[in-house]
Amino acid sequence: MNWNKGIRQFHRWTSIVFTLTVIVTFVALAQEEPLVWVSYLPLPPLFLLLFSGLYLFALPYVARWRAGRSAAAS
């Protein structure tokens, strides 16, 4: 599997995990005695989404930069 396809797939699955943790957090905090530590559950997937999303965002710019650099070298 291609490295970029793997990152994209990881980003998709992490977004599903993030959505589920947000739903669990809303349900847990709506209880009469909410568990406050549950509000931190969405943070790890959110950070993973941040890094994979920044990588995916930069891909087209890096590809364009590399193509321009290789054209200038020849």
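Pro44 sits at 48% relative accessible area, so it counts as partly exposed; this, like everything below, comes from a predicted model. Pro44 belongs to helix H2. Between Pro44 and Thr21 there are 10.0 Å in space, C-alpha to C-alpha, for a separation of 23 residues in sequence.

Thr21 brings us to helix H1, where it is one of the buried residues, along with Ile7, Thr14, Thr25 and Ala28. H1 covers residues 3-29. Does its length fall in line with what you'd expect, or out of line? With 27 residues at 1.5 Å a residue, H1 should span 39 Å, and its end C-alpha atoms are 38 Å apart, so the two agree. Right at the start of H1, Asn2 points a side-chain oxygen at the backbone nitrogen of Asn4, coming within 3.2 Å.

Back to H2, which runs over residues 43-73 and holds both Phe57 and Tyr61. These two are 4 residues apart, or about one turn of the helix. What do you get if you search the whole structure for aromatic pairs? Just 1 turns up. It's Phe57 with Tyr61: the ring centres are 5.5 Å apart and the planes meet at 55°, so the pair is tilted; edge-to-face would need an angle over 60 degrees.

Here is how the H2 residues mentioned above score on accessibility:

| Residue | Relative accessibility | Class |
|---|---|---|
| Pro44 | 48% | partly exposed |
| Phe57 | 56% | exposed |
| Tyr61 | 45% | partly exposed |

Within the aromatic pair, then, Phe57 counts as exposed, while Tyr61 is partly exposed.

Methods:
Residues are numbered from 1 along each chain as its sequence is written. This is a predicted model: local features need pLDDT of at least 70, side-chain atom pairs count only at pLDDT 80 or more; totals for chains, interfaces and linings use all residues. Side-chain values use heavy atoms; hydrogens and water are left out. Rings of Phe, Tyr and Trp (its six-membered ring) pair if their centres lie within 6.5 Å; planes under 30 degrees apart count as stacked, over 60 as edge-to-face and the rest as tilted. Buried means under 20% relative accessible area, exposed over 50%, partly exposed in between (1.4 Å probe, protein chains only). The expected span of a helix is 1.5 Å times one less than its number of residues. A polar contact is a pair of N or O atoms within 3.5 Å; within protein, one must be able to donate a hydrogen and the other to accept it, and residues adjacent in sequence count only if both atoms are side-chain atoms.
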